[in-house]
Structures are given as C-alpha cells and as structure tokens.
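This report introduces a structure to a reader who has not met it before. The sequence and the coordinates are shown first, and the description follows.

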Amino acid sequence: MRHIIHLLENDFRNFFRYKWWLVGLISMNLTDLFIMAIVYNRMLNPEIIQQIKSYFDFFAPGLTVTGLFASAFMIGREINMERRQEFHRYMLSLPMTRLELAFGRVLSGGLRGMVYMSPLLATCFAFIGFPTLMQFFTILIVLFFLAMGISGLSIAIAVSTTSLDKFVTARGLVYYFLFFCSSVFYPLSLIEQLGQEGKFPMILVAFAKVNPLSNASDLIRSFLLGTPSFSFEMIVSVSTFSAVFTILAAFAYIKLMERT
Amino acid sequence: MVVMRAIWFVSQIAFFGLIASRMVVVEDYFRYYVSGLSIMTLYSAAIFIGFDIYEEAEHGVFEYLLSLPVTRRQLVLGRSIGGGLRAFIYVGPLICVSLYVIGIVNPLNFLLALFSLFLFAFGVSGMSITLAVVIKSSDRFDILMGVLDALIVRLSTAMYPLSFVKEANSLYGWIASFNPVTFAADLFRWGVGIESNLSFENPLLPFLGIAMFFAFFTFVGVVLYDKTIEGGGWR
C-alpha cells in the first residue's frame, strides 16, 4: 500500500504541474454549460421539454461525466510518453511488485479524474439541487468506478500504441464514440427513436444503452431530476466496465512494459 | 491533427448533428449544424499557425526567417495567408463532405462565400500569430486559445441561430452579433442556400465584418511582430 501511495503522490504532482491547463479545461467545460446549454434550453422542441424539462439541468450531469472522462484519460498520455522516452524502465526498477505498479497507475488516473470532476459535480449540485446523503455516496462510488475504468482503458491504449500519433488517434476514436453515442448530450429516447426509424444502426442503439457514460449520467439525473428512473442496471454497467478495464489495464501494463 | 479533426468532424455529423436535430425546433437543423461545423473546424485549423511560431522560436527558425530578404510586413502577411491556406487544405476534404450533405443551390453565392472564408481563415491565422507573439509562452497560449476557442465558437451562430442566442441572454446575443465566426458561418450558409435563420439580410455586412477582422489582425500582427521580435526580442 505504501508503494501505491508513492505512485499516487508522483502522479498527482505531475497532474498539478498542468494546473493552468486544468483551469483552462474547466473553464471550457463551464462555457459549455453556461453558454451552449442555456441557448439549447431555448431551442428544445416541446416533446423533449416534457421529457427533460430543461436542457441546462439535463446537460450538467452529462458534463460532469465528460470532465471526469477527459481528466481520467490523461494518465494514458503520460504513460505513452514514459514508454516512448523509455522512462518505464526506471518505473520497472522501483522496489515494488508489478501488480502494485500497475494498480497504482490505474488508481492514480481514476483519482485524478475524481479531483478534476469535483468542481463540476459541485456546480451541478448548486444549480440543480442536492441529493440525499445516500444518493451522494452512490454517485461518488459510481463515478469512482467509472474513473477507474476510464483510466484503465486509457492505460490499455497507451501501452499498446507505440507512437503518440497512434495514441492520439485511438484516443480520438474512443473519446468521440463514447461521448456522442451516449446520453451525455441528448436523451437516450432520441437515439432509440432514430434506431426504430432505421436511421441509426441498432447495434449503436444497444451500445448507447450499455455505454458507461450514459449510465453514469443517467444515474446522477435519476437522483437529481427524477428522470430517467433509477435502476440497478446503471450501477452494474459502470461496475462491469470498471472491472474489465482495470484488470485489462493492469495485465496489459505488466505484460507490455516488460516486453519492451 | 488532421486525423483527429476528421474523426471529430464525422462523429459530430453522424451522431450529434443527426440526434440533436431531433431535439430542437430549428427548421432543417441538421444542415444548419453541419455548415456551422465546417466553420468551427476551419477556425480550429487556422489557429494552429500560432503553435508553429513557438516551435520555430524553440528551434531557432525565427532568426532565420528574420534574416530573409523580405520586409516584416511581407513576413507577417505571408504567415497569415500561409496559415489560412494550410487550414483550407486541412479542412478542404471535410468541407467537401459537408457540401455533399448540405448541397449547393447557387454556385455564384457559394464562390463569394468561399472567398470570404479565405479572408476569415487568414484573419484567424493573423490573430493566432498576434497572440502567440504577444504571449510568448506556449503553455499560456495553449490555455488562452482553448478558452478563446470555447468562447468564440459558443458565442456565435456556428451551432445555433442568432435569435435563440439573443433570447437566451442579451449579452451573449450582442457578442454573437459582432463575432467573426457568426459572419463566416452565416455567409457560408447563405452561400450554400440555407437561408432560414440567417443573422443578416444583406450579405455585404458580414463580408465587410470579415474583411475588417482580416485587416485588423494583419495590421496589428505586422506592428507587434516588428516591435516584439526584432533583435532577439522573442527571448
């Protein structure tokens, strides 16, 4: 555990080295909320207004999840850079087990995501309303699982791509696919409707339903807005994603780092 | 960068544009959004020249450029136009995709709109060069451009019609009315024949706005370039 704490300390120090970059990123997220969402509020069609009431309220939880995703994914970029600069040889020489090293990196990526996300979540509570204590802890736990899964996913991509270009391209694909094929920006019912009309592949509709970003956003919405209604599937989806990618990342990190 | 932009562009059309058009009351929102998306992409690509300035400064290319037998004015103008043209080359295939989706009604209007987009891209490049030369720190520039990108795009008609922006907040509406991204986006829409929800009645006005934007940043860029980098002033 002591070794993992050292890793966390190191990764957090790196994270805060980019504090101004983080401030810039948060302000961009807030711009989305306080400009884009407010304008979309005025443009909603009446059917959607009945469903979600206000786009601002609908989008705020989605934005929190988006921020969490972007910041938890940052660990992958650092690991990819370490690999290219052969800094990983130093990491492998540290007096800790490979499992501690791998788990420590996934954990620090996840915790960094949680730290970045907290002002966005606080904004969400301040403008939409506060959950009960039980709901609050459920949100935190689910978001932590999500952050761990995202961190794992980014590490798995980082160690399996040899150049920054490939990593950035893979990251772009994953980013946009997970963001746009989810209920972060729009209600799931719209995606289902397009699927039923044959304008959207059913496989993507199915993916949007199980997408952890959809489930995490909808979980926060269910507690703060009451719609969609809460279901345990939301927690199961995020937990499964987290478990799969945390294990996969740890395994890939150990195997691929030792190979080169 | 090109691949990233292309992925972003296609996902925006295939997912956000398609789904969001079901969410809003704006008539023909899908085509409206796709045309705005082309301008957002052009803006982001034209900004990139500023990052090149830092790379050149780091590798000593700046001194080489200053030693060339060209005037400072030619140098800045050349960089602005080069940055704008490069942005067009990057974004050209994506604009073709959006034209395929939107279609063109009047080729003459489209050519006029395209010319104004060239000026817009040169102006954005000039702005990027000006800010890069003033700030002199790649980190700060990176952050400022990110924030500026978010503000300038969202406070424009790239994503939504001006009437809704004004309705949402009068300050947002006022800024959007004078935003060069608004001029470029709406001129492009006028050029391709999306005439509902335009922010102007006479296309000459936004065209003049873009020409002024281009002239201002080219002029300011020349002055600042001259004052800031002469005699190793960059460092």
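What is the handedness of the crossing of helix 2 of chain B and helix 10 of chain B? The crossing of these two helices is right-handed. The model discussed here is a predicted one, and the values below are computed from it.

**Helix packing in chain B**

The axes of helix 2 and helix 10 of chain B come within 9 Å of each other and cross at roughly 130°. An angle between 115 and 145 degrees counts as oblique, and helix 2 of chain B is therefore oblique to helix 10 of chain B. On the side of helix 2 of chain B, the residues that meet helix 10 are Tyr32(B), Ser35(B), Gly36(B), Ser38(B), Ile39(B) and Tyr43(B). Their counterparts in helix 10 of chain B are Val181(B), Ala184(B), Ala185(B), Phe188(B), Arg189(B) and Val192(B). By class, this contact has eight nonpolar, three polar and one charged residue.

**Helix packing in chain A**

Helix 7 of chain A, residues 98–128, takes part in two of the packings described here. Helix 1 of chain A, residues 2–17, passes helix 7 of chain A in a right-handed crossing. The contact includes His3(A), Ile4(A) and Leu7(A) from helix 1, and Glu100(A), Leu101(A) and Phe103(A) among those from helix 7. Nine nonpolar, three polar and four charged residues make up the contact of helix 1 with helix 7 of chain A.

Helix 4 of chain A, residues 55–72, also packs against helix 7 of chain A. Their angle is about 165°, so helix 4 and helix 7 of chain A are roughly antiparallel to each other. This crossing, too, is right-handed. Among the residues that meet are Asp57(A), Ala60(A) and Pro61(A) in helix 4 and Gly109(A), Gly110(A) and Arg112(A) in helix 7 of chain A. The contact of helix 4 with helix 7 of chain A has twelve nonpolar, seven polar and two charged residues.

The table sets out the geometry of the three pairs.

| Helix pair | Crossing angle | Axis separation |
|---|---|---|
| Helix 1 and helix 7 of chain A | roughly 45° | within 9 Å |
| Helix 4 and helix 7 of chain A | about 165° | 7 Å |
| Helix 2 and helix 10 of chain B | roughly 130° | within 9 Å |

**Where the chains meet**

In the contact between the chains, 32 residues of chain B touch 30 residues of chain A. Three helices of chain B each supply at least two residues of the side that touches chain A: helix 1 (2–23), helix 7 (138–154) and helix 8 (162–168). Helix 1 of chain B gives the most, with twelve residues. The side of chain B that touches chain A divides into 24 nonpolar, three polar and five charged residues.

**The nonpolar core**

The largest nonpolar core holds 147 residues, and Val39(A) and Ala184(B) have the most contacts inside it. Helix 8 of chain A, residues 133–160, gives the most to this core, with 14 residues. With neighbours within four places in sequence left aside, Val39(A) is in contact with Tyr160(B), Phe164(B), Val165(B) and Ala168(B).

Ala184(B) is also among the residues of helix 10 that meet helix 2 of chain B. Phe118(B) is 66 residues from Ala184(B) in sequence, and their C-alpha atoms are 9.7 Å apart in space. Phe118(B) belongs to helix 6 of chain B, residues 107–135. Residues up to four places away in sequence not counted, Phe118(B) touches Gly84(B) and Phe88(B). Phe118(B) counts as partly exposed because it has 17 C-beta neighbours inside 10 Å.

**Backbone details**

Most residues other than glycine have a negative phi, and most peptide bonds are trans. Several places in this model depart from that pattern.

Asp28(B) is not a glycine, yet has a positive phi of about 55°. Asp28(B) sits in the loop between helix 1 and helix 2 (29–47) of chain B. Asp28(B) counts as exposed because it has 12 C-beta neighbours inside 10 Å.

Asn197(B), likewise not a glycine, has a positive phi of about 65°. The loop between helix 10 (180–192) and helix 11 (204–229) of chain B contains Asn197(B). With 18 other C-beta atoms within 10 Å, Asn197(B) is partly exposed.

In chain A, Thr227(A) and Pro228(A) are joined by a cis peptide bond with an omega of about -5°. Pro228(A) is found in the loop between helix 12 (212–224) and helix 13 (232–259) of chain A.

Note on methods. Residues numbered from 1 in each chain as written. Chains lettered and ligands numbered in written order. Predicted model: local features only at pLDDT ≥ 70, side-chain atom pairs only at ≥ 80, totals over all residues. Axes fitted to C-alpha atoms, helices over the stretch in contact; angles between N-to-C directions. Helix = DSSP H or I, 4+ residues; strand = E, 2+ residues; numbered from the N terminus. Left-handed = near helix turned anticlockwise from the far one by under 90°. Contact = placed C-beta atoms within 7 Å. Nonpolar A, V, L, I, M, F, W, Y, C, P; charged D, E, K, R; others polar. Core = buried A, V, L, I, M, F, W, Y, C linked by C-beta atoms within 7 Å. Buried ≥ 20, exposed ≤ 12 C-beta atoms within 10 Å, placed from the backbone. Parallel < 35°, antiparallel > 145°, perpendicular 65-115°, else oblique.
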